[in-house]
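Please open the model in your viewer with the sequence panel beside it, and keep a selection tool at hand. The tour below moves from one selection to the next and says what is found at each stop.

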Amino acid sequence: MNEHVKEPKRKKKIQIHILTQMVLSLIIATAINDLCILLFLKILKWNVLRDIFPYFLTPLFFIIFILTFFMLTRRIVKDLVHLEHGLQIISEGDLNYRVDVNRKDELGRVAHNINLMAQRLQQQIEKERELENSKMEMITGISHDLRTPLTSIIGYIELLRTNSFQDQDEYTRFVQNTYNKAVHLKKLLDDLFEYTRLTSTEPRLDLKPIDVLQLLDQLLFEFEPIAQENKITIVKEIGSSPAITIIDSEKIARAIDNLLMNALKYSEKPGTVRVMMKSDHRHIIIEIENKGNPLTEEQEHKLFERFYKVDHSRSSEGIQSGAGLGLSIARNIVELHGGTLTLQHRNRLFTFHLTLPLRDNTDELVN
């Protein structure tokens, strides 16, 4: 577990500290040296020793000064050794190690920066590890999602190739199933391509003034037959006033369609999907509401993540499962337009809020 690295509160200068120790050592050495002179002058009575003694004064002074200075700076040296030892441990790969140097000068800040460096390196490694795991999960998810319809297509083609059908009706059913699986496979690849294009490169938007009311009404008209097949009733509360703004109609249509298909898949059957639209002088707000099985807090948090799919037990058996990119693509498209896409989940009621800003020129979006 990473420990929070605290920065020293007060900042002292280590040069001042060393200079203070040096001056103190000088005073102590001088005092001891003077004391020795007085003692020797009283004790020594031989002229020979008295003549030689002055030659020992300077070396004695330096020895006392050096010993005193070493004693007074012992903590600094000890902390430097501790820093060197800590750097050695961290350089060998133990990023959990933290240098414990409780000082308020430059050495304390060096220790703080060493600990901060180790913490950031550890976070970077963990982030790279998460990215690597995410890539592996992505590859596994793509492989599984593409393999399922492809295996079915190969199976049906094998049945057709070996004439393993009883009559024309069964032959027609095999062909239709093969076609449905191929369409499903194409949709998975389209979703993957769209997501890659939206996130990996600088996406280009074909911006034009579009009546969002008319666009939404057309999408609901096309969606209604699919909903009826799955015992879902569409309730429209979209008003009649035009709501014209600058958008890429194809991409916004895809985002709304992904939200509608998500509501269709995870609604209780029979059930109702309520679609509402309102606007003010700044925003267009579209709400898609359905009732379904409750989500855990973790599932709700991950719902917009790429390749994330809720438990298959919640899926509708009559609808092909996707690659888990629909909501992620929808949010990316909406955010490219400067809008927001959020989910409100309460008492088994799911409400997606799609907000688009009202604009009358493309410069507002580009800027």
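A residue is called buried when its relative accessible area is under 20%, exposed when it is over 50%, and partly exposed in between, with a 1.4 Å probe and protein chains only. This is a predicted model, in which local features need pLDDT of at least 70 and side-chain atom pairs count only at pLDDT 80 or more, while totals for chains, interfaces and linings use all residues. Residues are numbered from 1 along each chain as its sequence is written, and side-chain values use heavy atoms, with hydrogens and water left out.

**The whole chain**

Begin with a cartoon of the protein, which has 11 helices and seven strands; helices (H or I, at least four residues) and strands (E, at least two) are DSSP runs, numbered from the N terminus. Of the 367 residues in the protein, 37% are buried. The accessible surface comes to about 23700 Å², and 56% of that surface belongs to carbon and sulfur atoms; such areas come from the Shrake-Rupley method with a 1.4 Å probe, and for residues only the protein chains shown count as cover. Contact means heavy atoms within 4.5 Å, and among the contacts with a separation of 6 or more, 71% join residues 24 or more positions apart.

**Strand E4 and the loop before it**

Select Val-273, which is found in strand E4 (residues 271-279). Is Val-273 buried or exposed? Val-273 counts as buried because its relative accessible area is 0%. Leaving out residues up to four places away in sequence, Val-273 touches Ile-232, Thr-233, Ile-234, Val-235, Ala-263, Ser-267, Ile-288, Glu-289 and Asn-290. Adding Lys-291 to the selection shows a residue 18 places from Val-273 in sequence, with 7.8 Å between the two C-alpha atoms.

Now step back to Pro-270, in the loop between helix H8 (249-266) and E4, where the peptide bond from Lys-269 to Pro-270 is cis, with omega near -10 degrees.

**The nonpolar cores**

A nonpolar core is a set of buried Ala, Val, Leu, Ile, Met, Phe, Trp, Tyr and Cys residues joined through side-chain atoms within 4.5 Å. In the largest one, of 43 residues, the members that touch the most others are Leu-216, Ile-256, Val-275, Met-277, Ile-286, Ile-288 and Leu-354. Apart from it lies another core, of 11 residues, including Ile-89, Tyr-97, Ala-111 and Ala-118.

Return to Leu-354 and show its surroundings: with neighbours within four places in sequence set aside, Leu-354 is in contact with Ile-256, Leu-259, Ile-284, Ile-285, Ile-286, Val-334, Thr-340 and Leu-341. One of these, Val-334, leads to helix H10 (residues 326-336), where Leu-327, Ser-328, Ile-329, Ala-330, Ile-333 and Val-334 are buried. Just after H10, Gly-338 takes a positive phi of about 80 degrees.

**Two loop residues with positive phi**

Select Arg-348, in the loop between strand E6 (340-346) and strand E7 (349-357). Its phi is near 65 degrees, a positive value in a residue other than glycine, and at a relative accessible area of 34% Arg-348 is partly exposed.

Asn-163 can be found in the loop between helix H5 (106-161) and H6. Phi of Asn-163 is near 55 degrees, again positive in a residue other than glycine, and Asn-163 is exposed, with a relative accessible area of 55%.

**Helices H5, H4 and H6**

Select Asn-115 in helix H5, which is buried at 9% relative accessibility. Which backbone nitrogen does the side chain of Asn-115 reach? The partner is that of Val-99, at 2.6 Å, a polar contact being a pair of N or O atoms within 3.5 Å; within protein, one must be able to donate a hydrogen and the other to accept it, and residues adjacent in sequence count only if both atoms are side-chain atoms.

From Val-99, add His-85, 14 residues away in sequence and 8.7 Å away in space, C-alpha to C-alpha. His-85 lies in helix H4 (residues 74-91) and is partly exposed, at 42% relative accessibility.

Finish at Asn-180 in helix H6 (residues 168-200), which counts as partly exposed at 34% relative accessibility. Its C-alpha atom is separated by 9.0 Å from that of Ile-153, a residue 27 places away along the chain.
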